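Hi everyone, thanks for making room for me this morning. I'd like to walk you through one structure, starting with a term we will need and then going from the whole chain down to single residues.

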Amino acid sequence: NVLGIAGKKALTEAFEKLAADRILRVAVLTGAGEKSFIAGADLKEMMNLKPRGAKVEHTWTHRACESIRALPVPVIARINGHCFAAGMELAASCDMRIAVTSAAFGMPEVRFGIPSGMEACLLPQLIGWGKTRELVYTGRHIDAAEAWWSGFLEKVVEPDALDAGVESWVAAILQA
C-alpha cells in the first residue's frame with residue numbers, strides 16, 4: 001500500500017469526483033487488505049527523481065491531501081495498519097481517524113534523507129508541536145495507543161471491531 005504519483009493522482013481525482021456528488025454525506029478512506037492504511041510514498045519511484053520530479057511528487061501529495069480537506073462532507077480515515085509518511089499526512093487530512101490496535105504511525109522518510117512533506121504542517125493541530133517535532137526530526141514510529149494519547153486518533157479498536165467502529169460514526173453522521 002505505497003502511494004506513488006499515479007495513486008496520488010487517482011486519489012485526488014476520486015475525491016474531486018466525490019465533491020460533486022450532491023447526495024454524499026460521508027466518505028471513508030482506507031487501505032487495501034489488513035496490513036497497511038498507506039505505508040507512504042513509493043520509495044522506488046522516488047529514488048530516481050530529479051528535483052523537478054520530486055516537486056511533482058510532493059505537489060501530488062499536497063493535492064491529494066487538499067482534495068480530502070476540500071470534500072464538503074466528513075471524511076473518516078479507517079486505519080487498518082501501517083500509516084507512515086504520506087499516509088500519516090493523508091490521515092491527518094481526514095476529519096476523523098479510527099485505527100486498529102496493531103497500527104503504527106510515523107514519518108520515517110527522514111531516516112532516508114527525505115524531508116517530511118509539507119502536509120506534516122497538519123500534525124501540530126492534532127498532536128502538538130512537541131510530538132510533531134519528535135516524529136518529523138527522528139523518524140520514530142509510534143503505536144496506536146500513543147497516537148490516540150497524542151490526539152492523532154479519535155478511536156482505537158481491536159481489528160475485528162474496525163468496521164463496527166466506522167459504521168457507528170457513519171450512522172451518527174447520517175442522523176445529524
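A residue is called exposed here when its relative accessible area is over 50%, and buried when that value is under 20%. Please also keep in mind that this is a predicted model.

Let's try those words on lysine 17. This residue sits in helix α1, which covers residues 5-19. Is lysine 17 buried or exposed? Its relative accessibility is 67%, so lysine 17 counts as exposed, because the cut-off is over 50%. If you want to place it against the other end of the chain, its C-alpha atom is 20 Å from that of leucine 174, a residue 157 positions away in sequence.

Now for the overall picture. The protein chain has seven helices and 10 strands. Its radius of gyration is 15 Å, close to the 16 Å that the globule rule gives for 176 residues, so the chain is as compact as a globular protein of that length. Measuring along the principal axes, the C-alpha trace spans about 50 × 35 × 30 Å.

How much of the chain is buried? The answer is 49% of the 176 residues. As for the surface, the chain exposes about 9000 Å², and carbon and sulfur atoms supply 58% of that area. Taking contacts with a separation of 6 or more, 72% are between residues 24 or more positions apart. On charge, there are 19 positive and 20 negative ones, and their mean positions lie 6 Å apart.

Let's go inside. The largest nonpolar core has 48 residues, and Ile79, Phe105 and Phe152 touch the most other members. Which helix gives the most to this core? That is helix α7, residues 162-175, with five residues.

Isoleucine 79 deserves a closer look. Leaving aside neighbours within four places in sequence, isoleucine 79 is in contact with a list of residues that includes Phe37, Ala91, Ile98, Val100, Phe105, Phe152 and Leu162. Arg97 is also among its contacts.

Two of those names, Phe105 and Phe152, come back when we turn to alanine 147. Alanine 147 lies in helix α6, residues 144-150. Its relative accessible area is 0%, so alanine 147 is buried, the limit being under 20%. Not counting residues up to four places away, alanine 147 touches Phe105, Ile142, Phe152 and Leu153. Its C-alpha atom is 8.3 Å from that of alanine 104, although the two are 43 residues apart along the chain.

Phe152 turns up once more beside isoleucine 127. You will find isoleucine 127 in helix α5, residues 123-138, and at 9% relative accessibility this residue counts as buried. With residues up to four places away set aside, isoleucine 127 touches Thr132, Leu135, Ser150, Gly151 and Phe152. The C-alpha atoms of isoleucine 127 and serine 150 are separated by 5.2 Å, with their positions 23 residues apart in sequence.

Next, the stretch that leads into helix α4. Glycine 81 lies in the loop between β5, residues 75-79, and β6. At 4% relative accessibility, glycine 81 counts as buried. Its contacts, beyond four places in sequence, are Glu34, Lys35, Ser36, Phe37, Val100, Ala103 and Ala104. Alanine 144 is 63 residues away along the chain, and the two C-alpha atoms are 9.4 Å apart.

A little further on, alanine 85 occupies the loop between β6, residues 82-84, and α4. What is unusual about its backbone? Most residues other than glycine have a negative phi. Alanine 85 has a positive phi of about 50 degrees, although it is not a glycine. This alanine also counts as buried, with a relative accessibility of 10%.

That brings us to helix α4 itself, residues 86-93. Why do we say that helix α4 is largely enclosed by the rest of the structure? Because eight of its eight residues are buried. Among them are Met88, Leu90 and Ala91, and also Glu89 and Ser93.

That's my tour, so over to you for questions.

Terms used
Residues are numbered from 1 along each chain as its sequence is written. This is a predicted model: local features need pLDDT of at least 70, side-chain atom pairs count only at pLDDT 80 or more; totals for chains, interfaces and linings use all residues. Side-chain values use heavy atoms; hydrogens and water are left out. Helices (H or I, at least four residues) and strands (E, at least two) are DSSP runs, numbered from the N terminus. The radius of gyration is taken over C-alpha atoms; the globule rule is 2.2 Å times the number of residues to the power 0.38. Buried means under 20% relative accessible area, exposed over 50%, partly exposed in between (1.4 Å probe, protein chains only). Contact means heavy atoms within 4.5 Å. Accessible areas come from the Shrake-Rupley method with a 1.4 Å probe; for residues, only the protein chains shown count as cover. Lys and Arg count as positive and Asp and Glu as negative; His and the chain ends are not counted. The place of a charge is taken as NZ of Lys, CZ of Arg, CG of Asp or CD of Glu. A nonpolar core is a set of buried Ala, Val, Leu, Ile, Met, Phe, Trp, Tyr and Cys residues joined through side-chain atoms within 4.5 Å.
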